[in-house]
Amino acid sequence: MRDHPNSKALLAWYDANARVLPWRVAPVDRKLGQIPDPYRIWLSEIMLQQTTVAVVKAYFLKFTALWPTVFDLAAADDADVMAAWAGLGYYARARNLLKCARTVVAEFEGHFPPNRVQLQSLPGIGPYTSAALASIAFDQPETVVDGNVERVMARLFDVHIPLPTAKVPLIYLAEGLTPRKRSGDYAQAVMDLGATVCTPKSPSCDLCPWRGCCLAQVRGTAAGLPKKLPKAKKPTRLGIAFVACRTDGAVLLEQRPDRGLLGGMLGWPGSDWTEVAPELTPPFHADWVEASEVVRHTFTHFHLQLRVMVASVPQDSSNRHFTKKSDFRPMDLPTVMRKVWSIAAELQ
Ligand code: SF4
């Protein structure tokens, strides 16, 4: 079976226009025989879930400097990895990252398996990531469909079924274009096309290798695609965070339970986050002062408003374990907890 002519046109475009990304092997080097490092592809794909390329680049460089191989990451201290991940969000990814690295080392001698079925048996690797890894790292003819690819396919075939209902037909259409040769480059090419040319608001059809054969471009419907079902309104939850600072600069932090939101991350003691305002129950008795500003943060499923209570306490005021000033790095906190700290710091 021959590869679809559209895939050839896109690969030619990719050869000239591929984005330079720190985890990517450039098409010219790929043709010269350079092989992508599955560890780097896996790491980048996990980081890219729900996060932009621009944000991921810095984290990727930090992680690969600290842990250049899967063996290094598998041997890393959990707290160091969670701290390095802080700010990237969706913290279950970081916990699964460690589990996956340790499984690859323990059960696969440090080699990621080269096919989707085995890849999906690893922690944190689902249908999308297994397809991306099999395709990009191992050049398997798998179809990789992320938000960019959905948008490109909806336009190329002028699909007006709204997302998420359109997901399955769009995958089917994308499969029909996936070539058997240079499958990894092709997967990256469609993503690059969606990220740089077939952009959400104003696609640059003049620069597109698929202009002329793209139904939405021909029919003038591209800007309105893909259609999406209206999103449900997010509820607002309320909570209270308590920032206790000792006179020697030590602060009271706690590690959140492994399961649940921000699981395993460091944070300030506080109430549950509920749609009804929680009661003010500090972790210990002190002169707690409320900050005039509240923290506002949005998670996937809800908005959060946190009242911030601050207390300055003497060194022997509590039998809790405080983190020494020299060991406290706000950068190790998840974003919402950093916001709490920046408001609390203004009161000290
Ligand atoms: Fe997107 Fe325009 Fe290319 Fe169609 S021609 S795929 S709408 S950039």
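**Notes on a predicted chain with a bound ligand**

1. Let me start in the helical part of this predicted model. The buried residues of helix H6 pack against four helices: H3 (38-48), H4 (53-66), H5 (70-74) and H7 (92-108). Helix H6 itself covers residues 78-85, and its buried residues are Val81, Met82, Ala83, Ala84 and Trp85. Just after H6 comes Gly87, with a positive phi of about 100°.

2. A good companion to that packing is Thr51, which you will find in the loop between H3 and H4. Thr51 counts as buried because its relative accessible area, 14%, falls under the 20% cut-off. Which residues does Thr51 touch, not counting residues up to four places away in sequence? They are Val56, Leu88 and Arg93.

3. Now for the chain as a whole. It holds 14 helices and six strands, and its C-alpha trace spans about 75 × 45 × 30 Å along the principal axes. Of the 348 residues, 47% are buried. The accessible surface comes to about 17800 Å², with 55% of it belonging to carbon and sulfur atoms. If you look at contacts between residues at least 6 apart in sequence, 70% of them join residues at least 24 apart.

4. You will probably want to see the ligand next. Where does the ligand sit? The ligand is placed in the largest cavity. Around the ligand are Arg155, Val197, Cys198, Pro203, Cys205, Cys208, Arg211, Cys214, Gln217 and Ala222. By class, this shell divides into seven nonpolar residues, one polar and two charged. The two charged residues are Arg155 and Arg211, because Arg counts as charged in this scheme. Cysteine counts as nonpolar here, so Cys198, Cys205, Cys208 and Cys214 go into the nonpolar group of the shell. Please keep that convention in mind when you read the split into classes.

5. Tyr186 is worth a stop on your way through the model. Tyr186 belongs to helix H12, which runs over residues 183-196. Is Tyr186 buried or exposed? Tyr186 counts as buried, because its relative accessibility is 3%. Leaving out residues up to four places away in sequence, Tyr186 touches Ser7, Leu10, Leu11, Met153, Leu177, Thr178, Pro179 and Trp210. Another pairing to check is with Ala12: 174 residues separate Tyr186 and Ala12 in sequence, while their C-alpha atoms are 9.8 Å apart in space.

6. Two backbone angles deserve a look. Most residues other than glycine have a negative phi. Asp158, in the loop between H10 and H11, has a positive phi near 50°. Arg182 is also not a glycine, and its phi is positive at about 55°; its place is the loop between H11 and helix H12. How do the accessibilities of these residues come out? Asp158 counts as buried, because its relative accessibility is 11%. Arg182 counts as partly exposed, because its relative accessibility is 23%.

7. The peptide bonds bring up a related topic. Most peptide bonds are trans. A cis bond, however, joins Leu163 and Pro164, with omega about 5°. Pro164 lies in the loop between helix H10 (147-156) and helix H11 (167-175), and the loop between H10 and H11 also holds Asp158. Another cis bond joins Leu225 and Pro226, where omega is about -5°. Pro226 is found in the loop between helix H13 (215-219) and strand S1 (236-246). If you prepare the model for a calculation, these are the places to look at.

8. Last, Ile343 in helix H14, which covers residues 335-345. Why does Ile343 count as buried? Ile343 is buried because its relative accessible area is 8%, under the 20% cut-off. Leaving aside neighbours within four places in sequence, Ile343 is in contact with Ala291, Glu293, Val294, Val295 and Val308. Val308 is 35 residues from Ile343 in sequence, and the two are 7.6 Å apart in space, C-alpha to C-alpha.

Methods:
Residues numbered from 1 in each chain as written. Predicted model: local features only at pLDDT ≥ 70, side-chain atom pairs only at ≥ 80, totals over all residues. Heavy atoms only, no water. Near = heavy atom within 4 Å. 1 Å grid on protein atoms, 1.4 Å probe; cavity = no way out; pocket = protein on both sides within 12 Å on 5 of 7 lines; lining within 4 Å. Sits in = over half its atoms within 2 Å of the grid points. Helix = DSSP H or I, 4+ residues; strand = E, 2+ residues; numbered from the N terminus. Buried < 20%, exposed > 50% of the residue type's maximum accessible area, 1.4 Å probe, protein only. Contact = heavy atoms within 4.5 Å. Areas by Shrake-Rupley, 256 points an atom, 1.4 Å probe, with all protein chains shown as cover.
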